[in-house]
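Below are my notes on the model, set out as numbered points. They go from the overall picture to the open spaces, and then to a few local features.

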Amino acid sequence: MSQRPPLSPAMLTDRYELTMLAAALADGTAERDSVFEVFARRLPHGRRYGVLAGTGRFLDALADFRFGDAEIDALRRQGLDDPRLLEHLAGFRFTGDVDGYAEGDLYFPGSPVLTVRAPFGQAVLLETLVLSMLNHDSAIAAAGARMIGAACGRPCIEMGSRRTHEEAAVAAARAAALVGFSATSNLAAGARYGIPTTGTSAHAFTLLHDDEAAAFRAQLDTLGVGTTLLVDTYDTEQGIRTAVEVAGPELGAVRLDSGDLAIEATRARELLDSLGATATKVIVTSDLDEYAIAALAAAPVDGYGVGTSLVTGSGSPTVGMVYKLVSRDGVPVAKNSVGKRSVGGRKHAVRRHDAHGTATVEVVSAAPIATGEHDRDLIRPLVRGGELVEPRTPAEALAAAQELHRQARSALPGEAWSLSRGEPAIDTVAG
């Protein structure tokens, strides 16, 4: 059976976007100049800062946001057969402008992280794609940043592909790399974004062989003495002894995947040292999150493999970003719903810093904001007239986001690093 070609990113949307577009085409409002802003009203409960991720993926998808014959046929099959609507979609090209925070930057409640200006009939179609990517990736990035902070310089590896949707796994690996994870187990992420990939063996490989020694020899023959051997399939102490016996004291690392990891890591380090394997590293896995990583700070651990908690946002799988119309034909508009009020008008945003470079406050205003010596204008042009301002390969875009994230996080005040629940690290104020 032949497979149908994949549908365009334009189909990764909600039907109500097309319902609104059809009605706007009918009453003549589809061409009204519109400004939509993306922001989060609040951070996930107790979090001190947010990390913007997914912008690069959105910009890549925007270039392919088209309704070809396959997409139009799919819409017809779903009952969307308005001739005016389908004709409009068949010729759709985004010709508007996009501005926003640079990917990898931090954000706080009310930060206008993305702004889309275009005719309503164009801008409204982007809502679902924008929010699905930014909400997911920013949740992973925020969780990953907390884990990187808790690791205190020890490397973290992303290995959550088996715990989420197959495409979400690739996006999660990218978001994790953005905030400092050193490698991923996901091959697609490595191919698309140039992220280093890593992986050795599971317990099944040990169980496949007649004994641990045979399994370890097979792995060493394939990967060399610098590999990481999984030593807790049967008895951890004996597994370590067998690993050093087979590989010699130059063994790269052992991996622990069960038990009280602090105790097991301490025992492993003492045993390895006694066997002369003083340079062999101890890597731990097994349902780690930022709190478990922090609890291992005093243990002789050399690296962490993180899966489920990372790719599910460590308790916050979305960050609650919304896509709201704030201006129509140059006139500010805003919601006044209880608990969901918005502020009309296109926003400017500046982050102020003290003389030492520490962030002190985020200023957001519909009026231009005067900047001082230590202030940073947060909003950058991303798309003009439908074209990327700075075209980059996926790997280049990720590298730029990684560098900006390092700079932005280095400016956070000390309380931002706390894992305990608290208020945002800096306040968002109106200019």
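1. The model is a predicted one. The largest cavity contains about 30 Å³ of space, and one cavity of 30 Å³ or more is present in the structure. The residues that line the largest cavity are Leu43, Pro44, Arg47, Tyr49, Gly50, Tyr107, Ala142 and Val319. Sorted by class, this lining has six nonpolar residues, one polar and one charged.

2. On the overall picture: the protein has 431 residues, and 51% of them are buried. Its secondary structure consists of 15 helices and 19 strands. The C-alpha trace extends about 80 × 65 × 35 Å along the principal axes.

3. For annotation, an unreviewed UniProt entry places the feature "domain: Nicotinate phosphoribosyltransferase N-terminal" at residues 11–135. In the model, this stretch is 41% helix and 18% strand. The C-alpha atoms at the ends of residues 11–135 lie 18 Å apart.

4. Which residues lie nearest the centre of the largest pocket? They are Met159, Gly199, Thr200, Arg255 and Thr285, out of 35 lining residues. Two or more lining residues come from each of strand 6 (156–158), strand 8 (228–230), strand 9 (253–256), strand 10 (281–284) and strand 11 (303–306). Strand 11 contributes the most, with four residues. The volume of the largest pocket is about 890 Å³. Its lining comprises eleven nonpolar, 17 polar and seven charged residues.

5. The second largest pocket has about 640 Å³ of volume. It is lined by 20 residues, and Leu12, Arg57, Met133, Glu167 and Arg192 are the closest to its centre. The elements that supply two or more of its lining residues are helix 2 (55–62), helix 6 (127–151), helix 7 and helix 8 (187–193). Helix 7 has the largest share of this lining, at four residues. By class, the second largest pocket is lined by twelve nonpolar, three polar and five charged residues.

6. Helix 7 deserves a separate point. How far apart are the end C-alpha atoms of helix 7? The distance is 19 Å; at 1.5 Å a residue, the 13 residues of this helix (residues 166–178) should span 18 Å, so the two values agree. Eleven of the 13 residues are buried, so helix 7 is largely enclosed by the rest of the structure. The buried residues are Ala168, Ala169, Val170, Ala171, Ala172, Ala173, Arg174, Ala175, Ala176, Ala177 and Leu178. Glycine 180, which follows helix 7, has a positive phi near 125°.

7. On aromatic contacts, the structure contains five aromatic pairs. One of them joins phenylalanine 36 and phenylalanine 120: the ring centres are 6.1 Å apart and the planes meet at 35°, and because planes from 30 to 60 degrees apart count as tilted, so does this pair. Phenylalanine 36 belongs to strand 1 (residues 33–40) and phenylalanine 120 to helix 5 (residues 120–123), so that the pair links distant parts of the chain, 84 residues apart. Phenylalanine 36 and phenylalanine 120 are both buried.

8. Phenylalanine 36 also pairs with tyrosine 323. Is this pair stacked or edge-to-face? The ring centres lie 4.7 Å apart with the planes at 20°, so the pair is stacked, given that planes under 30 degrees apart count as stacked. Tyrosine 323 is in strand 12 (residues 321–328), 287 residues from phenylalanine 36 in strand 1, and the pair links distant parts of the chain. Both residues of this pair, phenylalanine 36 and tyrosine 323, are buried. Phe36, Phe120 and Tyr323 form one aromatic cluster.

9. A last local point concerns glycine 226, which is in the loop between helix 10 (212–223) and strand 8. Is glycine 226 buried or exposed? Its relative accessible area is 58%, and because exposed means over 50%, glycine 226 counts as exposed. The C-alpha atom of glycine 226 is 7.2 Å from that of glutamate 250, and the two residues are 24 apart along the chain.

Definitions and conventions. Residues are numbered from 1 along each chain as its sequence is written. This is a predicted model: local features need pLDDT of at least 70, side-chain atom pairs count only at pLDDT 80 or more; totals for chains, interfaces and linings use all residues. Side-chain values use heavy atoms; hydrogens and water are left out. On a 1 Å grid over the protein atoms alone, a cavity is a set of points where a 1.4 Å probe fits but cannot get out, and a pocket is an open set with protein on both sides within 12 Å along at least five of seven lines; lining residues have an atom within 4 Å of a point. Grid points are joined across faces, edges and corners, and a volume is the space filled by probe spheres set on the points. Ala, Val, Leu, Ile, Met, Phe, Trp, Tyr, Cys and Pro count as nonpolar, Asp, Glu, Lys and Arg as charged, and the others, Gly among them, as polar. UniProt positions are given in the numbering used here, feature names are shortened, and annotations may be inferred rather than shown by experiment. The expected span of a helix is 1.5 Å times one less than its number of residues. Buried means under 20% relative accessible area, exposed over 50%, partly exposed in between (1.4 Å probe, protein chains only). Rings of Phe, Tyr and Trp (its six-membered ring) pair if their centres lie within 6.5 Å; planes under 30 degrees apart count as stacked, over 60 as edge-to-face and the rest as tilted.
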